[in-house]
Amino acid sequence: MAQELLVVVNEGAGSTELAAVDKAVDVLRRVADVIVVRTADLDALGAALRVHRERLTVLAGGDGSLHAAVQLLYNAHLLDPRRPFGLLPLGTGNDLARTLGIPLDPVGAAETVLEGRPRTLDIAVDDTGEVLVNAAHAGVGAEAGRLATGWKPALGVAAYPLGGLVAGFSSEGWAMDVEVDGVRVHDAGRPILMLGVSNGRSIGGGTPLAPNAEPDDGLLDVVVAAVHGPRNRYAYGMALRDGVHIRREDVRVHRGRHVSLLVADGAEPFRVNTDGEVSDEVRRRSWEVRQGVWSVLVSGSARAVW
């Protein structure tokens, strides 16, 4: 009996993305029974997953699509690592796919769905109940993401570094305490330029914020960059691009299951970019790991894609 697949595509996908989905579906249909559903919102996504619950779900999208699906199933207490997702990367980011070594081209991604093995993964959940699938970051990275949102249609992936450049030279940093597993690892006396809470390794379409992170080790990589002065910020940005920023003396990496941020009294609030979605300004945020609660089909020889 042919494998039964449900391919879920966001209704807002553009013509280029839909062409990529068509290529992938052609590969899948050579050996599988495939239904394609286009969803406009979470209600439609939930309905599709309920109606076709016996089929293996293949998400055509980026980190935002994964985030939405995992959030929906987490809220409904239906996440199950025994029911893996397939992934067809679309759009400009695809950072969890890069960490998992899933091909970014539609044909390679489709072959991974058909031939891959499940890899059990972690998520983190913040104090508002929002899941973190790939990474969250605060400070200049979140401001860069907010700026890049308006530039992505014209600039694609290039919108992220441009947003980072503008935000990096326009901010004085954020005064916040950082705790990992109940231990204060940074105090508000030294403002932070960027704070990363990472399950996956990269953000913004391949920028390796936490190059040693593993999305299945039960730990979050917490990158604290207390970088000051225009020259140092420029050097940090160049090092971040290549993933060597963690060697700098003004950058520290910690690992733990629980992470909390709190801005000092009277200090500026911060925004959080979670899997590509930027929050309103907040004064505190915390995350707790949920280990091994879902899975994704990956190649048996998968390696990170940069």
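These legends accompany several close-up views of one protein, shown as a predicted model.

**View 1. The whole protein, before we zoom in.**
Let us begin with an overview of the predicted model. The protein contains 8 helices and 16 strands. It has 306 residues, and 52% of them count as buried. Among contacts with a separation of 6 or more, 73% are accounted for by residues 24 or more positions apart. The accessible surface of the protein amounts to about 13,700 Å², and carbon and sulfur atoms contribute 49% of it.

**View 2. Helix H1 packs with helix H5.**
Here you can follow helix H1 (residues 15-28) alongside helix H5 (residues 106-115); their axes are 8 Å apart and meet at an angle of about 35°. The crossing of H1 and H5 is right-handed. On the H1 side, the contact is made by Ala-20, Lys-23, Ala-24, Val-27 and Leu-28. H5 contributes Pro-106, Val-107, Ala-110, Glu-111, Val-113 and Leu-114. By residue class, the contact of H1 with H5 has 9 nonpolar residues, no polar ones and 2 charged ones.

**View 3. An open sheet running from S6 to S9.**
This view holds an open sheet of 6 strands, in the order S6-S5-S16-S13-S8-S9, with antiparallel pairing. Its edge strands are S6 (131-132) and S9 (183-186), and each of these pairs on one side only. Look at the S9 end of the sheet for a pairing you can trace by residue. Strand S8 (residues 176-180) runs antiparallel to S9 and is joined to it by 3 bridges. One residue pair to look for is Val-178 with its bridge partner in S9, His-186.

**View 4. A second open sheet, from S12 to S15.**
Another open sheet of 6 strands has the order S12-S11-S10-S7-S14-S15, and its pairing is antiparallel. Strand S12 (251-256) and strand S15 (277-278) are the edge strands, each pairing on one side only. Within this sheet, strand S7 (residues 135-139) and strand S14 (residues 272-274) pair in the antiparallel sense over 3 bridges. Ala-138 has Val-272 of S14 as its bridge partner.

**View 5. Two residues of helix H3 and their contacts.**
Leu-66 is found in helix H3, and Gln-71 lies in helix H3 (residues 63-75) too. Leu-66 counts as buried because its relative accessibility is 2%. Beyond its neighbours within four places in sequence, Leu-66 is in contact with Leu-59, Leu-87, Leu-96, Val-133 and Trp-294. Phe-85 is 19 residues from Leu-66 in sequence, and their C-alpha atoms are 9.2 Å apart. Now turn to Gln-71, which is buried, with a relative accessible area of 12%. Leaving aside neighbours within four places in sequence, Gln-71 is in contact with Gly-129, Glu-130 and Val-131.

**View 6. Ala-226 in the loop between S11 and H8.**
Ala-226 sits in the loop between strand S11 (220-225) and helix H8 (230-242). With a relative accessible area of 3%, Ala-226 is buried. Residues up to four places away in sequence aside, Ala-226 touches His-186, Arg-190, Pro-191, Ile-192, Leu-193 and Asp-250. His-186 may be familiar from View 3, as the bridge partner of Val-178. Met-194 is 32 residues away from Ala-226 in sequence, with 7.1 Å between the two C-alpha atoms.

**View 7. Ser-299, in the segment after S16.**
Strand S16 (284-298) is followed by the segment that holds Ser-299. This serine is partly exposed, with a relative accessible area of 23%. Not counting neighbours within four places in sequence, Ser-299 is in contact with Thr-112 and Arg-117. Ser-299 and Glu-115 are 184 residues apart in sequence, yet their C-alpha atoms are 7.2 Å apart in space.

**View 8. Two loop residues with positive phi.**
His-77 is not a glycine, but it has a positive phi of about 60°. It lies in the loop between H3 and strand S4 (86-89). Asp-275 is not a glycine either, and its positive phi is about 55°. This aspartate lies in the loop between S14 and S15. Are these residues buried or exposed? His-77 is exposed, with a relative accessible area of 72%, whereas Asp-275 is buried, at 6%.

Terms used
Residues are numbered from 1 along each chain as its sequence is written. This is a predicted model: local features need pLDDT of at least 70, side-chain atom pairs count only at pLDDT 80 or more; totals for chains, interfaces and linings use all residues. Side-chain values use heavy atoms; hydrogens and water are left out. Axes are lines fitted to C-alpha atoms, for helices over the stretch in contact, and angles run from 0 to 180 degrees between N-to-C directions. Helices (H or I, at least four residues) and strands (E, at least two) are DSSP runs, numbered from the N terminus. A crossing is left-handed if the near helix is turned anticlockwise from the far one by less than a right angle, and right-handed if clockwise. Contact means heavy atoms within 4.5 Å. Ala, Val, Leu, Ile, Met, Phe, Trp, Tyr, Cys and Pro count as nonpolar, Asp, Glu, Lys and Arg as charged, and the others, Gly among them, as polar. Buried means under 20% relative accessible area, exposed over 50%, partly exposed in between (1.4 Å probe, protein chains only). Accessible areas come from the Shrake-Rupley method with a 1.4 Å probe; for residues, only the protein chains shown count as cover. Two strands pair if DSSP finds at least two bridges between them.
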